[in-house]
Amino acid sequence: MHSNTHGPDTSVLGPPAQKDKPVTATLRPMTTRGAPYLFVLPGLVILGALLSVPLYKVVEYSLYDNVIVEHDPTYVGFGNYTTLFSDPSYWSAGFNTVVFTVGSVLGHMIVGIGLALLVNADINARARTFFRSMLVLPWIFTAVVVALNWQLLLNPFGLINYVLQWLGLISEPLDWLGNPDYAMWALLLISTWRGYPFIMVSFLSGLQTVPKELYEAAEIDGAGFWHKFWHVTLPQLKPVIYGVALLDLIWTFQLFPLVWLSTGGGPGRATEVLSTLTFRLAFVDFQFSQAATVAVSILIISAAFTLLYLRNEARRV
């Protein structure tokens, strides 16, 4: 037998060289990975353009003296911040902001969780749908409608004073929004009424994901309603509670329309929060530099809350 003598001996030359990978095959994974970013790129460009310019101008205004009202404002660096931090009205507004934010978020959480548990109960389907639809109504009203309605209700001659007098809880009508001692409480009531639907809907969605087996096991162990709530419902909803509370905190901290339309920051400065102080400095007192300085302080605090929220969401993914 003779070996093949018509071609090169491949056993001597070694394995055939691997052909070069086509360029398209090399680029395909890159284009696949980059495709989602290309889809969101137009939105990011538009959003960045809309946000970056106003943010830059606000920060810039906070470093100058009397911008807009003077043709050639003077650069003062952090002088506006020094002046602001020594102003008692800023700290008063900051304290009111903390009270309003914490009180509103607590009100939203307590009322929202309570109503979510009620409308999640195993009742007639039509009745459940009816109550769910009715309880989200405060969410669809604008801040103007909410403020006007509550001003009528809390008026000294309004329905709330009439009911309280009829129940014997007060002897004479109270000016809820005009008395500095009651104005913040009245504002918290309005904010709670306006904001609880978002919390209720969020927790209602979370309640749908809690396995029924956990409740059945708790019932076998003899757990009542409160034991099931504390040891089953709350632990299961803990991620939802943390995320929703942070989101509500961010929104409420910088809330302006409802406060301004309900009380205008008054009476006096009893309900003045940082957002209404910014508006008052800019469009009432025409101190745009000071207003920009307050706005930057709100931005920094809101950004800190936002980072906490994003960190919480990253853990949940």
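This report covers the fold, the nonpolar cores, one helix pair and one buried loop residue of a predicted model.

**Overall fold**

The protein chain has 317 residues, and 33% of them are buried. It holds 14 helices and 2 strands. Contacts reach far along the sequence. Of those between residues at least 6 apart, 64% join residues at least 24 apart.

**Nonpolar cores**

The largest nonpolar core counts 27 residues. Leu 135, Ile 199, Met 200 and Phe 203 have the most contacts inside it. Three helices each give two or more residues to this core: H4 (88–119), H9 (180–208) and H11 (225–253). H11 supplies the largest share, 10 residues.

What does Phe 203 touch, beyond residues up to four places away in sequence? Its partners are Met 109, Ile 113, Ala 116, Leu 237, Val 240 and Ile 241.

A second core is separate and has 13 residues. Val 67, Phe 253, Leu 277 and Ile 298 are among them.

**The H4 and H9 pair**

Two packed helices are described by the angle between their axes and the distance between the axes. The table gives the values for this pair.

| Feature of H4 with H9 | Value |
|---|---|
| Angle between H4 and H9 | about 45° |
| Distance between the axes of H4 and H9 | 5 Å |
| Nonpolar residues in the contact of H4 with H9 | 18 residues |
| Polar residues in the contact of H4 with H9 | 9 residues |

The angle falls outside the parallel, antiparallel and perpendicular ranges, so H4 and H9 count as oblique to each other. H4 passes H9 in a right-handed crossing. No charged residues take part in the contact of H4 with H9.

**Helix H13**

Is helix H13 largely enclosed or largely open? H13 spans residues 274–283, and 8 of its 10 residues are buried, so the rest of the structure largely encloses it. The buried set mixes residue types: Leu 274, Ser 275, Thr 276, Leu 277, Thr 278, Arg 280, Leu 281 and Ala 282. One of these, Leu 277, also belongs to the second core.

**Val 67**

Val 67 sits in the loop between strand S1 (64–65) and strand S2 (74–75). Is this residue buried or exposed? Its relative accessible area is 3%, under the 20% cut-off, so Val 67 is buried. Leaving out residues up to four places away in sequence, Val 67 touches Tyr 61, Pro 73, Phe 288 and Ser 289. Ser 289 is 222 residues from Val 67 in sequence, yet their C-alpha atoms are 6.0 Å apart. Val 67 is also part of the second core.

How values were computed:
Residues are numbered from 1 along each chain as its sequence is written. This is a predicted model: local features need pLDDT of at least 70, side-chain atom pairs count only at pLDDT 80 or more; totals for chains, interfaces and linings use all residues. Side-chain values use heavy atoms; hydrogens and water are left out. A nonpolar core is a set of buried Ala, Val, Leu, Ile, Met, Phe, Trp, Tyr and Cys residues joined through side-chain atoms within 4.5 Å. Buried means under 20% relative accessible area, exposed over 50%, partly exposed in between (1.4 Å probe, protein chains only). Helices (H or I, at least four residues) and strands (E, at least two) are DSSP runs, numbered from the N terminus. Contact means heavy atoms within 4.5 Å. Axes are lines fitted to C-alpha atoms, for helices over the stretch in contact, and angles run from 0 to 180 degrees between N-to-C directions. Angles under 35 degrees count as roughly parallel, over 145 as roughly antiparallel, 65 to 115 as roughly perpendicular and the rest as oblique. A crossing is left-handed if the near helix is turned anticlockwise from the far one by less than a right angle, and right-handed if clockwise. Ala, Val, Leu, Ile, Met, Phe, Trp, Tyr, Cys and Pro count as nonpolar, Asp, Glu, Lys and Arg as charged, and the others, Gly among them, as polar.
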